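Q: Please take a close look at a single part of this model and explain, step by step, how that part is placed and what surrounds it in the account of the chain.

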Amino acid sequence: MRIYTIYMEMIKRKLLFPGAVKLLCSGIALAMTLSFAYTPVTAIAKVKDEAIYNADGLEDYMAEREKRKSEPIQTNSTAGWPEGPRVGAAGAVIMDADSGEILYGKNIYKHLYPASITKLMTALLAYENLDLADHITFSENAVYGIEIGSSNIGMDVGQSITVEEALYGLLIASANEVAIALGEKVSGSEKDFADLMNERARQLGCENTNFVTLNGLHDRNHYTCAYDMALIARQVYQHTDLIRYMSDYNYHFVKSEKQPDDFWISNTNDFLTGEMEYDGIVGGKTGYTDQARETLVTFAEREDVHLICVIMKEEPPYEYYDTIDLLNYAFDNFTKVNIKESERKYTLSSPDFLSFGPDIFGKSEPAYRIEETSSLMIPKKASFSDLDSEIIPLTYETASGQDSGTASTGSAEEQAVDKPDQQTKEETDKQTEDQTDKKAEDKADKQTEAQAGTRTDSSTGLSGSSLPEINRKDGSRLLGQIHYSYHGYDLTTADVLFLPVQKKLFPRKTSLTADNSGEGSSSGLESSSLENAGLLQEEGTADSDGTETVKQDESTEETNTVNAIQEEIHGIRAFFFNTVHTGAHGSIYINILVVLPLLLIVSFFLCVFFFINSYFARLKRMRMRKTRRTVKKPAPGSPSNRPSNPSGSSRNRRGSSTPTFRGRQ
């Protein structure tokens, strides 16, 4: 009442005008409404599902799950592809970890909340940027910045553990405060580490991911998709330490000066605790929030097959049953094929001296070759000859700024996976459909540019007059890729490498061509383009236009690689290889520039040898003659000096003497 009296008194004294007050109050109310009701449009459109409610007005999750089982499976639409099982997860993927090939895909690009499987990216960045022996200290933000009752290992402010212990706590107990502490150790703050997570996701090829939290606790703008999570998991799979951390049943934290508690933590994954049994599970990460529901990433292997299974938005315990069904589907219906051993379509024409191998005692091969470890998974009822393929050469720029080759491919890590077609669910909102159309148009544009020879890609690391980077320990360079598909379904790509060769005679025209007999088409990697780029020149030499060839990156790792290669080819082995070596199709190559001087030297020493030998042989004969001449003559009257036939006659066979006739009778 007192406030109203003061308000009326101010109006009477004309210190306040009613219209202004109304306008001010209206503005404040509007601002408060917008501040409380505003939600970014991207977050509203990213994750959208139609909820089903029961008679009590509660969301019926099991009914939603049954409805999701009728959603289309993208991989089932491919002709000749094994039909995959129907699962209740909103998004599911089975990926071959070696090739990046998608064997099973359901709503693989649909935006969903990841929950704690976010910690796979957190662990990956911590492992890549920190030393395992380093210590992390828990800040107040790390300890108290998580939801009450969420997963943790009970760390207090100021306590410190090693990075390795933190990774155990992150991957086994899914500790949320550990995720924040690791992020602060790497980047200094949660926001900066979240930016680093998004940057790393883009490097891996994730296009439908946006990380906001470091531990996966719910945020409307924190989302990903099943395919992107498979890409992240594939990178994690390459680090055996991370797989070992997450696969342990439990871990013992021993008290220390900086951490006074002695305690054990246990794994939250039923596959790893033994509650759910499946042969071949080597690791995995679970996740759960009320909004994300159950999420699960599983790593499994049998013999030489390595699989990654991603389940998103499923109801417990069906995330495990879905994983079992999908792993059985992949192991039972697909077989692994080595591309280099199976490929017969592409050959190196006119290899001449452009070959790679040990020496004359070994077996060499063309310098262009397919990556030895390249493989793919094909249906067991299909054969390698059923696949379609095309060469995608690498585009690089010469010193003059002109493009060489016909297309760029991006880094091997980014190009190792080709996405299947987008989901075709009719209930997908308009924004997702627009995004699908845009991706299809971009893919068509890339194929057109590849054929026209105008595509460039900054992700290759090739710009200006730089050369293809050394991407393997043996010093080989990525020149292009061979893209494989099955009835229009993208499978994977195989890298085409240029291997380190010795100084030999390089042919002017050497190309990797496709043996398209009857098809009337071919494509190739011409050596002339390599010469234009300076690949066949020595570092520091000048090109035809006088510009100096740009040297390779002198990083420590590359320098060590080159030194190791030089040591390997040093000595007698390199001499034999430079002189003569076997080539393709049983041929033998002889380097005249080395052999001719060698023959001259050998001929010279042979001539000297024969001259000396003949000289000593002549001296020996002269000594023998001299010895015969100096022999003592017999005395007169000795038997050796008597005439043999004093009568001048000779005896016949019967012993009678007959005259000797010396003329004609």
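A: Arginine 293 belongs to strand S8, which covers residues 293-302. In this predicted model, the phi angle of arginine 293 is near 60 degrees, a positive value in a residue other than glycine. The relative accessibility of arginine 293 is 9%, so this residue counts as buried, since buried means under 20% relative accessible area.

A positive phi also occurs at asparagine 107, where the angle is near 50 degrees, and this residue too is one other than glycine. Asparagine 107 is placed in the loop between S2 and helix H5 (119-129). With a relative accessibility of 0%, asparagine 107 counts as buried.

Strand S2 itself spans residues 102-106, and 5 of its 5 residues are buried, so the strand is largely enclosed by the rest of the structure. S2 pairs with strand S1 (residues 91-96) in the antiparallel sense, over 4 bridges. One of the bridge partners can be named: valine 93 is matched with glycine 105 in S2. The hairpin of S1 and S2 has 5 residues between the strands, and glycine 100 there takes a positive phi near 80 degrees.

The loop between S1 and S2 also holds a charged residue, aspartate 98. Aspartate 98 forms a salt bridge with lysine 336, and the closest N and O atoms are 2.7 Å apart. This pair links distant parts of the chain, as lysine 336 lies in strand S10 (residues 334-338), 238 residues apart from aspartate 98. Aspartate 98 counts as partly exposed at 34% relative accessibility, and lysine 336 counts as partly exposed at 25%.

A search of the whole structure finds 8 salt bridges. Among them is the pair of arginine 65 and glutamate 314, whose closest N and O atoms are 2.9 Å apart. Arginine 65 lies in helix H4 (residues 61-68) and glutamate 314 in strand S9, so the pair ties together parts that are 249 residues apart in sequence. Both arginine 65 and glutamate 314 are buried.

Strand S9 (305-314) is also one border of a loop whose other border is helix H13 (318-333), and proline 317 is found in that loop. The peptide bond from proline 316 to proline 317 is cis, with omega near -5 degrees.

Terms used. Residues numbered from 1 in each chain as written. Predicted model: local features only at pLDDT ≥ 70, side-chain atom pairs only at ≥ 80, totals over all residues. Heavy atoms only, no water. Buried < 20%, exposed > 50% of the residue type's maximum accessible area, 1.4 Å probe, protein only. Helix = DSSP H or I, 4+ residues; strand = E, 2+ residues; numbered from the N terminus. Pairing = 2+ DSSP bridges. Salt bridge = Lys/Arg side-chain N within 4 Å of Asp/Glu carboxyl O.
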